[in-house]
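Reader: Please take a close look at one part of this model and build the account outwards from there. I would like to know what packs against what, and how the neighbouring pieces are arranged.

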Amino acid sequence: MAAMPTYGGIDLGGTKIQAVVVDDDHEVLGSARRPTPTSGGPPGVVAELAAAMRDAARAAEVDLTLLAGVGVGSPGTIDDAGTVSGAGNLPGWEGSFAMAKTLAAELACPVRVGNDVQVATEAEFRLGAARSYASLLGVFWGTGVGGGLILAGVPWTGRGGAGEIGHMVVVLDGARCTCGRRGCMEAYAGRAAMEEHVARQVDKGRRTDLFKLMHERGRTRLTSGIWARALEHGDKLAIAVIERAVQALGAGIASAVNLLDVEGVIIGGGLGVRLGDPYAQRIAAAMQPHLFIDSRPPNVHVAELGDLGGAIGASLLVAGDGHRSARS
Ligand SMILES: [Zn+2]
């Protein structure tokens, strides 16, 4: 069957690793998911990336050795050699690690690594909800809150560190962020920060079913699915904490829009995709009072490639027309 070239794509998140095998038309032939290991540091993570890729190849019935290449979207700052630095949301990941080289040796095929959020933004721009836009802001609402930018049809990465919308300050001297600073959007909207906030509220005697749901489902963290379930149940604390996150997202995204005036805002990430369009529209409503030109808000959409968008985007790093940003 595999006369057409096939490519691997892996999205490395703080909670899960999602791998896909795609064909030349970016169609997903097979996929696999594994939890991100919480111990073992970078070598442990790379071993699981390889395992997830093997699982996806098996699901696609494609021989791993026939893959033309594997792209990885990773948190952190990535250099041209595929060395990852500053991936603070990965457990035990400090300093720099030669991810591309290590994974290429493990899988015996070419590997390219890009920033997870940037590759997911480019996937939406080329294949997803932002196909008709020349400028967009991708906001990935998950363990943290990441951002990706396309301006006038070209990805904008600044000096390598652009797009950190999660660290827009939305409250001066506000809540402590995972980055060590205060008042960042992520300190209110990142799932890790939200979980800590809920734990503190429970210590103060507030009631919630969030942790009960977590134990029932055999999880160790409040995943997007658990948040969604708690909201469906009308859990008051979950509703309040999500509303606090939505307000922070509204303020931070609107501030970015005031600066950049993009045509579209794409809401992705684990929580963004799981909660879907009703919450994307609530974020749009929360943006509205902060928009300087409030008569002409940008369109706000949920990432169309959904949960697989990051992995499909990563495959674009190695697929034929590769990392080109221009649309044909
Ligand atoms: Zn921060």
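**A helix across a sheet, and what surrounds it**

Author: In this predicted model, helix α9, made of residues 269-287, lies across three strands, namely β9 (136-141), β12 and β13. Relative to β13, the helix runs at about 160°.

The strands beneath this description belong to an open sheet of five, ordered β11-β10-β9-β12-β13, and the pairing in that sheet is mixed. Its edges are β11 (154-155) and β13 (299-302); each has a single partner strand, so one side of each is left without a neighbour in the sheet. The partner relation between β12 and β13 can be followed in detail. Strand β12 covers residues 264-268 and is joined to β13 by four bridges, the two strands running parallel. One pairing across them is that of I267 with V302, its bridge partner in β13.

The edge strand β11 also leads to the metal site. The zinc ion has four protein donors: ND1 of H167 and the SG atoms of C177, C179 and C184, at 2.0 to 2.4 Å from the ion. The angles among these four donor atoms are 103 to 114°, and the site is tetrahedral. Along the chain, the donor residues follow the spacing H-x9-C-x1-C-x4-C. H167 and C184 both lie in the loop between β11 and α4 (186-189), so the pair ties together parts that are 17 residues apart in sequence. The two residues can also be described by accessibility. H167 is partly exposed, at a relative accessible area of 27%, whereas C184 is buried, at 2%.

For the wider setting, the protein chain is divided into domain 1 (7-119 + 309-315) and domain 2 (132-304). Their centres, taken over C-alpha atoms, are 24 Å apart. Eight residues of domain 1 and 14 residues of domain 2 take part in the contact.

Another sheet offers a second case of a helix packed on strands. This open sheet has three strands in the order β5-β6-β7, with antiparallel pairing. Strands β5 (77-78) and β7 (96-98) are its edges, each pairing on one side only. Strand β6 (residues 83-85) is connected to β7 by three bridges, and these two run antiparallel. Within that pairing, S85 has S96 of β7 as its bridge partner. Helix α2, residues 99-107, packs on the sheet and touches β6 and β7, its direction making about 30° with that of β7.

How values were computed:
Residues are numbered from 1 along each chain as its sequence is written. This is a predicted model: local features need pLDDT of at least 70, side-chain atom pairs count only at pLDDT 80 or more; totals for chains, interfaces and linings use all residues. Side-chain values use heavy atoms; hydrogens and water are left out. Two strands pair if DSSP finds at least two bridges between them. Contact means heavy atoms within 4.5 Å. Axes are lines fitted to C-alpha atoms, for helices over the stretch in contact, and angles run from 0 to 180 degrees between N-to-C directions. Donors are N, O and S atoms within 2.8 Å of the metal (3.2 Å for Na, K and Ca); water is not among the atoms, so sites may look incomplete. Four donors count as tetrahedral if all angles lie between 85 and 135 degrees; four count as square planar and six as octahedral if opposite donors are over 155 degrees apart and all others between 65 and 115; anything else is irregular. Buried means under 20% relative accessible area, exposed over 50%, partly exposed in between (1.4 Å probe, protein chains only). Domain bounds come from an automatic or database domain assignment.
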